[in-house]
Amino acid sequence: MFIIENLHVSYGELQVLWGVSLKVPQGSIVALLGSNGAGKTTTLKTAMGMMKPTQGRISFRDQDLTLIPTHKIVNSGLFLVPEWRGTFATLSVLENLELGAFPLRARPFKDKTLEHVFELFPRLHERQSQRAGTLSGGERQMVAIGRALMAKPDMLMLDEPSLGLAPLIVQNTFKLIERLCREEGLTVLVVEQNVNIALGIADYGYILENGAIVGEGTTDNLLADQRIQEAYLGI
Amino acid sequence: MSIETIVQTLLFGALIGSLYGLAALGLSIVFGVLKILNVAHGELIMLGGYGSFWAFNLLGLDPYLSLLIVVPGLFLIGLALHFGLFARVVRFDEEDRIKNSLLIGFGLTLILQTLATHLFTADERSITTSYSTAAWEILGIRLPLVRFSGLIIGIIVVVALRWFLRRTYWGKAIRATAEDWRTAALAGIDIRRTYLVTFALGAALAGLAGMLVTLQGSVSPNIGLQWTLKALIVVVLAGLGSVPGTFLAGVLLGVAESASALAFGGAYRELVGIVIFLIILSIRPQGLFGGSHA
């Protein structure tokens, strides 16, 4: 179980998170939804130790992660695919993937995981010696997710995986995320503006507005909620 | 002017240039990865030079063997300097890093120079070995062995450094951090440790260059600035991110300097570097080899 409790975060004087709490049970997909500037990315960044909360607690499988440096959080089994995808443009596809296995927990499995990633993304196998900067947006997304898998995470956090991608690629990405969860037991926290597609795979969702959770529920309940339909689904 | 004189002068330029290249490698890797400009890099070269000088004079150690002490020694000094001074700077955003590192670097320059003057006096010191004047002669061209060794060592360092950066986990971590430290952190790379190791690596390379500088010429407490300046010109000429490119740019600068000495007389030697510096900055600010990456 991944738990965020009463998280308060500020950029200098400006407070952006006001007591955010959420839970991601083992093996489930949870969606964190909300419009631009609601504080979704800040929540993920803080979870990864890239920002320090002024208050609150983050824990993963009973291990306190608050105030722990990023690389140690990664080594404890959490991995974030950031909004900017996080591929190294100047490194080859293969080097990008190999770097994914940098955490000590992942290194012994490097070759096996690499095989698995190439099975999932045959395209990356073809382009392994190409520089990641020369790939298309969809291919870079594959590198980003492939790199995340190389780290052997127990839980994957994805920040706006649909951003800037063609609808078909977005669909494939979400199908893959769902498959990784259902078949390989990966726990997933996905942050999205695209509420429809995120709720299409999620078990549970939270609505973040102006730095606070304003609604939560199972996917079915959220989809049935009239306020959410009006605000996010455009129905 | 005979053809021999021309070839001889250009060859000397290339050999001196390989020292420029070596001096620049450390500065370039630290600049590229940490985004700080260590203007005290020349002083680290000076310290390396003194290390070899004293190892030779007190322990009777051959200067090439002294590298076994000097290089790890400078690595440790690099660790200490980063830990005590520059680690504070790399917490800032990238623009602030440069400014603050300049201030710290200039301060460090003064401290190390004064310290060296107090400890070693301001005398020029050199290392004279049994082979100091040995040279090969091919078709009337003299190839002094001590200077030639700078080129050989330079090539070995380039190959080894490139291998390290491309093939090892740490090397890839360093390259990833150079490109985007935030993403590198998210990949599980310990950024602070990468910075620490990279800075120490830069200092170790300065130590290596320092030995060669002293063996081929001399060392005194105030040689630092001129070497920082040469290294800086080479870094601008080469651009960031290419190890062989940096070394090659050093050699080119050496050749250009001696070519200008041939053409306009020795007085303009130093001017050439500055002119190249300005031309490159205005027409190709990314450098000749910038962006080709390790």
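Two residues are in contact if their C-beta atoms, placed from the backbone, lie within 7 Å. Keep that in mind for every stop on this tour. The model on your screen is predicted.

**Stop 1: the whole model**

Show both chains. The model scores ipTM 0.89 and pTM 0.90. Colour chain B by pLDDT, the predictor's confidence in each residue. The average for chain B is 92, and 99% of its residues score at least 70. Where pLDDT is low, the predicted coordinates should not be read in detail.

**Stop 2: chain A**

Select chain A and switch to cartoon. You should find ten helices and ten strands. The radius of gyration of chain A is 17 Å, close to the 18 Å from the globule rule for 235 residues, so chain A is as compact as a globular protein of that length. Turn the chain around. Its C-alpha trace spans about 45 × 40 × 30 Å along the principal axes. Of the 235 residues in chain A, 46% are buried. Now think about contacts between residues at least 6 apart in sequence. In chain A, 67% of them join residues at least 24 apart.

**Stop 3: two unusual residues in chain A**

Most residues other than glycine have a negative phi, and most peptide bonds are trans. Two residues here have a positive phi instead.

Select Asn6(A) first. It sits in strand β1 of chain A, residues 2-11. Its phi is positive, about 50 degrees, although it is not a glycine. Is Asn6(A) buried or exposed? It falls in between: Asn6(A) is partly exposed, because 13 other C-beta atoms lie within 10 Å, and partly exposed is the class between 12 or fewer and 20 or more.

Next, select Asp62(A). Look in the loop between β4 (55-60) and β5 (63-64) of chain A. Asp62(A) is not a glycine either, yet its phi is positive at about 65 degrees. Asp62(A) has 7 other C-beta atoms within 10 Å, so it is exposed.

**Stop 4: chain B**

Hide chain A and select chain B. Its secondary structure comes to eleven helices and two strands. Follow it along the sequence and you read α-α-α-α-β-β-α-α-α-α-α-α-α. A compact globule of 294 residues would have a radius of gyration near 19 Å, and chain B agrees because its value is 19 Å. Along the principal axes, the C-alpha atoms of chain B fill a box of roughly 60 × 45 × 35 Å. Buried residues make up 51% of the 294 in this chain. Among contacts in chain B between residues at least 6 apart in sequence, 79% join residues at least 24 apart.

**Stop 5: Ser52(B)**

Zoom in on helix α2 of chain B, residues 41-59, and pick Ser52(B). How many other C-beta atoms lie within 10 Å of Ser52(B)? There are 29, so Ser52(B) is buried. Leave out residues up to four places away in sequence and show what Ser52(B) touches. You will find Pro63(B), Ser66(B), Val70(B), Ile127(B), Gly210(B), Met211(B), Thr214(B) and Leu215(B). Now draw a distance to Ser101(B). The two C-alpha atoms are separated by 28 Å, with these positions 49 residues apart along the chain.

**Stop 6: Leu76(B)**

Move to helix α3 of chain B, residues 63-89, and select Leu76(B). With 13 other C-beta atoms within 10 Å, Leu76(B) is partly exposed. Draw a distance from Leu76(B) to Ala203(B). They are 127 residues apart along the chain, but their C-alpha atoms are separated by 8.5 Å.

**Stop 7: two packed helices**

Select helix α5 (residues 145-167) and helix α6 (residues 169-179) of chain B. Their axes are 5 Å apart, and the helices pack at an angle of about 80 degrees. That makes α5(B) roughly perpendicular to α6(B). Show the side chains where they meet. From α5(B) come Phe164(B), Leu165(B), Arg166(B) and Arg167(B); from α6(B) come Gly171(B), Ile174(B) and Arg175(B). These divide into three nonpolar, one polar and three charged residues.

**Stop 8: where the chains meet**

Bring chain A back. How many residues of chain B are in contact with chain A? There are 15, and they touch 20 residues of chain A. On the chain B side, α6 and α7 (181-186) each supply at least two residues. Highlight α6(B): it gives the most to this side, with six residues. Finally, colour the chain B side by class. Seven residues are nonpolar, three are polar and five are charged.

Conventions
Residues numbered from 1 in each chain as written. Chains lettered and ligands numbered in written order. Helix = DSSP H or I, 4+ residues; strand = E, 2+ residues; numbered from the N terminus. Rg over C-alpha atoms; globule rule 2.2 N^0.38 Å. Axes fitted to C-alpha atoms, helices over the stretch in contact; angles between N-to-C directions. Parallel < 35°, antiparallel > 145°, perpendicular 65-115°, else oblique. Nonpolar A, V, L, I, M, F, W, Y, C, P; charged D, E, K, R; others polar. pLDDT = per-residue confidence, 0-100.
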